Amino acid sequence: LSENQQEVGKNLAEARAVVTLQKNDKMEKNIKQSIMNLIQDKNYYIEMCNNASKICDGSGVKRVFESIVAVDIRGDNGI
């Protein structure tokens, strides 16, 4: 992650909404282990999903698309 994303990742991890990994020589192993933990512990997975859904509604892409379309329809897209 870039520097400006690290704080967001830290906050999401503290909210138990994501699993974060450090970039190092064990990253591939850590990714596999993190996925296995989610598969093997259904309660952990459900808790993380519930925590994430409290933070993000999942409609961000839709809002960005609607904003782009609205700008294009108004004709003030800057082109």
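User: What makes the meeting of the Glu47 and Arg16 side chains a salt bridge?

Analyst: A salt bridge is a side-chain nitrogen of Lys or Arg within 4 Å of a carboxyl oxygen of Asp or Glu. For Glu47 and Arg16 the N to O value is 3.0 Å, so the pair fits that rule. Glu47 sits in helix α3 (residues 42-55) and Arg16 in the loop between α1 and α2 (27-40), 31 residues apart, linking distant parts of the chain. Please keep in mind that this is a predicted model, where local features need pLDDT of at least 70 and side-chain atom pairs count only at pLDDT 80 or more, while totals for chains, interfaces and linings use all residues. Residues are numbered from 1 along each chain as its sequence is written, and side-chain values use heavy atoms, leaving out hydrogens and water.

User: Why is Glu14 called exposed?

Analyst: Exposed means over 50% relative accessible area, buried under 20%, and partly exposed in between (1.4 Å probe, protein chains only). Glu14 has 56% relative accessibility, so it counts as exposed. Its salt-bridge partner is Lys10; at 45%, Lys10 counts as partly exposed.

User: How do you know that Glu14 and Lys10 are separated by about one helical turn?

Analyst: They are four residues apart in helix α1 (residues 3-14). Helices here are DSSP runs (H or I, at least four residues), numbered from the N terminus.

User: Which residue does Lys32 meet in a salt bridge?

Analyst: Lys32 meets Glu28, at 3.3 Å from N to O. Both Lys32 and Glu28 are exposed.

User: How many salt bridges does the rule give?

Analyst: The count comes to five.

Technical notes. Helix = DSSP H or I, 4+ residues; strand = E, 2+ residues; numbered from the N terminus.
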